[in-house]
Amino acid sequence: MRLRFIFLPVLLFLNIAPGSYAAQPVKIGITLGLTGKFAQESDMIRKGLSLWADKTNSENGLLGRKINLIMLDDQSNPQTAKELYRKLITEEK
C-alpha cells in the first residue's frame, strides 16, 4: 500500500515535467486491489482519487491540463500489481 503512494507523485512529476505539451491531459496511473482482501480500502482510495480529479478538472485542471486517471485492479496481489505497473509505464505513458 505504501509503495503506491510513492509511485503516484513520481508518475505525476514525470508527466508534468517541462517540455510537455500543454494540451495533453496529465495521466496518473495507479493499481488498486478493487477485488481481493483489500477491496474495501482500495474502493475508498478509488473514490477519493476520483473526487479529487473531478474537482481539479472542474477548476481548470492541474497547471491548466485535465487529469486522466488510469486505475487498474491488481486483485490485491503484489505480483499482479508489479505487472500492471510495468504495463502503465510501458504502454500508458
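Is Lys47 buried, partly exposed or exposed? In this predicted model, Lys47 is partly exposed, its relative accessible area being 45%. This value falls between the limits of 20% and 50% that separate buried from exposed residues.

Lys47 takes part in a salt bridge with Asp43, in which the closest N and O atoms are 3.2 Å apart. Both residues belong to helix α2, where they are separated by 4 residues, about one turn of the helix. Asp43 also pairs with Arg46, with a distance of 2.7 Å between the closest N and O atoms. Arg46 and Asp43 are likewise placed in helix α2, which covers residues 39–58, and are 3 residues apart, again about one turn. An α-helix has 3.6 residues a turn, so residues three or four places apart point the same way. Salt bridges thus link Asp43, Arg46 and Lys47 in a network. Asp43 is partly exposed at a relative accessible area of 23%, and Arg46 is partly exposed at 28%.

A further salt bridge joins the side chains of Glu59 and Lys55, with an N to O distance of 2.6 Å. The count of salt bridges in the model comes to 3.

Helix α3 comprises the 14 residues 78–91. At 1.5 Å a residue, a helix of this length should span 20 Å, and the end C-alpha atoms of α3 are 20 Å apart, which agrees with the expected value. The expected span is obtained from one less than the number of residues. At the N-terminal end, α3 is capped by Asn77, from which a side-chain oxygen lies 2.8 Å from the backbone nitrogen of Gln79.

The buried residues of α3 include Thr80, Ala81, Leu84, Tyr85 and Leu88. Viewed down the helix axis, the buried residues of α3 fall within an arc of 135°, so they line one face of the helix. Lys87 is also found in α3, but this residue is partly exposed, with a relative accessible area of 33%. Lys87 is separated from Gly29 by 58 residues in sequence, while their C-alpha atoms are 9.9 Å apart in space.

Technical notes
Residues are numbered from 1 along each chain as its sequence is written. This is a predicted model: local features need pLDDT of at least 70, side-chain atom pairs count only at pLDDT 80 or more; totals for chains, interfaces and linings use all residues. Side-chain values use heavy atoms; hydrogens and water are left out. Helices (H or I, at least four residues) and strands (E, at least two) are DSSP runs, numbered from the N terminus. Buried means under 20% relative accessible area, exposed over 50%, partly exposed in between (1.4 Å probe, protein chains only). The arc is that of the directions from the helix axis to the C-beta atoms. A polar contact is a pair of N or O atoms within 3.5 Å; within protein, one must be able to donate a hydrogen and the other to accept it, and residues adjacent in sequence count only if both atoms are side-chain atoms. A salt bridge is a side-chain nitrogen of Lys or Arg within 4 Å of a carboxyl oxygen of Asp or Glu.
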